[in-house]
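Notebook open, coffee poured. Today I want to look up a few side-chain pairs, some odd backbone spots and a group of rings.

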Amino acid sequence: MNKRQLGLTALALAAAVATAGMIVAQLLPESDRIRPVAESTPSATAPPTAAERGAPTPVSTAPIDETAPLSPERPQADPEPDTDTEVGPRTSTEVLPPGQVDVTLPPSKPRSALFSQPLPPAVNSLGEVVDGFPTDVMPGIPNSLVDNSSVATQGDRLQAAFEARTTLGTDDVLAFYRHHFAPLGLLETPVTTTKRGTTLSFARDDDSVTLSVTAVAGGSGYVLFGVFTAQG
C-alpha cells in the first residue's frame with residue numbers, strides 16, 4: 001500500500017470516529033451534555049443599558065385628564081419640640097369674660113373719730129393752755145412761749161386756737177406738724193407762701209387744721225386753728 005492509500009485510509013478513519021461521537025452525543029440526556037462555554041459563563045462584557053449609556057428617559061405622551069380631581073396634599077406633621085432647649089416660665093394671656101370673677105375687697109377699717117361727745121365748755125386764756133384744749137390733736141411745740149389759747153363749741157362742732165413762739169426756724173416748725181398730722185389722716189393741701197410767712201392746711205373729712213408760720217427775732221411765731229366735728 002502506497003502513501004496515498006495510507007492517507008486516504010487515515011482520513012476515512014477520522015471521519016468515522018467523528019460521526020460516531022456525534023451519534024453518541026445525541027443519544028445522551030440533556031443534563032449530561034457539555035454546554036457551550038458562552039451559555040454557562042456570564043459575559044463580562046454585557047452590552048450597557050440605555051440608562052448607563054445616558055440615553056434620554058422616554059416621556060409619556062398620554063393625554064392629561066384635566067377633569068380628574070387632584071389628589072389632596074398630605075398635611076405636614078408639626079415638628080417635634082426640641083427637648084434640649086430650655087423654656088422659660090409660661091405666662092397666660094387668656095382674658096376671662098366679664099362677670100365670671102367676683103372680686104370683693106374687704107371693707108376698710110373705719111377710722112376713729114378725732115373728737116367724741118361730750119365737748120368741753122368754751123374758754124380762752126392768755127399766756128397758757130386752757131383746760132379742755134385738744135393737745136393730743138393740736139399740740140404746741142415743746143418749750144414754746146404761749147401767747148393765747150381758746151376753745152369754742154356749738155352742738156357737735158369744736159373750734160380750737162393756739163398761738164405761740166419757738167426758737168425753731170420756720171422750716172423746722174412746718175416739719176414738726178407735717179410729721180404729727182400725717183398719722184391722724186390729716187392730709188396736707190398745697191402750701192401758701194406770702195411775705196408774712198407760710199400757711200399749710202390739713203384736712204380729713206369734716207375736720208381741718210390751718211397752720212401759719214412767720215419768722216420772728218430769735219425763732220418763729222406760729223398759729224394753729226382747728227375745726228372739728230365730734231361723734232356721739
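A salt bridge, for my purposes, is a side-chain nitrogen of Lys or Arg within 4 Å of a carboxyl oxygen of Asp or Glu. Note to self: what I have here is a predicted model.

**Entry 1: salt bridges**

How many salt bridges does the structure hold? I got 2.

I looked up R165 and found it in a salt bridge with D147, where the closest N and O atoms are 3.5 Å apart. R165 sits in strand β3 (residues 157–166) and D147 in strand β2 (residues 145–154), so this pair ties together parts that are 18 residues apart in sequence. Next I checked the accessibility of both partners. R165 comes out at 39% relative accessibility, so I put it down as partly exposed. D147 has 25%, and that counts as partly exposed too.

Then I went to E188. Which residue is its salt-bridge partner? It is R178, and the closest N and O atoms are 3.1 Å apart. E188 belongs to strand β4 (residues 187–188) and R178 to helix α3 (residues 170–181), so here the tied parts are 10 residues apart in sequence. I wrote down a relative accessible area of 36% for E188, which makes it partly exposed. R178 has 34% and is partly exposed as well.

**Entry 2: backbone oddities**

I was scrolling along the backbone and stopped at Q117. The peptide bond from Q117 to P118 is cis, with omega near 0 degrees. Where is P118? I found it in the loop between α2 (37–40) and β1 (123–126).

Next stop was phi. N143 is not a glycine, yet its phi is positive, at about 65 degrees. I located N143 in the loop between β1 and β2. Is N143 buried or exposed? With 80% relative accessibility, it counts as exposed.

D205 went on my list as well: it has a positive phi of about 55 degrees and is not a glycine either. Its place is the loop between β6 (197–204) and β7 (207–216). Its relative accessible area is 66%, so I noted D205 as exposed.

**Entry 3: aromatic rings**

A reminder before the numbers: a pair of aromatic rings is described by the distance of the centres and the angle of the planes.

I counted 7 aromatic pairs in the structure. I picked F162 and Y222: their ring centres are 6.3 Å apart and their planes make an angle of 40 degrees, so I call the pair tilted. F162 is in strand β3 and Y222 in strand β8 (residues 219–229), so the two rings tie together parts that are 60 residues apart in sequence. Both F162 and Y222 are buried.

Which residues form the aromatic cluster? My list reads F133, F162, F176, Y177, F181, F202 and Y222.

**Entry 4: around F162**

I stayed with F162 a bit longer. It has 4% relative accessibility, and since buried means under 20%, F162 makes the cut. Leaving out residues up to four places away in sequence, I found that F162 touches several others, among them V129, F133, V146, Y222 and L224. G140, N148, S149 and V223 are also among its contacts.

One last look-up was the backbone distance from F162 to P139. Their C-alpha atoms are separated by 8.9 Å, and the two residues are 23 residues apart along the chain.

How values were computed
Residues numbered from 1 in each chain as written. Predicted model: local features only at pLDDT ≥ 70, side-chain atom pairs only at ≥ 80, totals over all residues. Heavy atoms only, no water. Helix = DSSP H or I, 4+ residues; strand = E, 2+ residues; numbered from the N terminus. Buried < 20%, exposed > 50% of the residue type's maximum accessible area, 1.4 Å probe, protein only. Phe/Tyr/Trp six-rings, centres within 6.5 Å; stacked < 30°, edge-to-face > 60°. Contact = heavy atoms within 4.5 Å.
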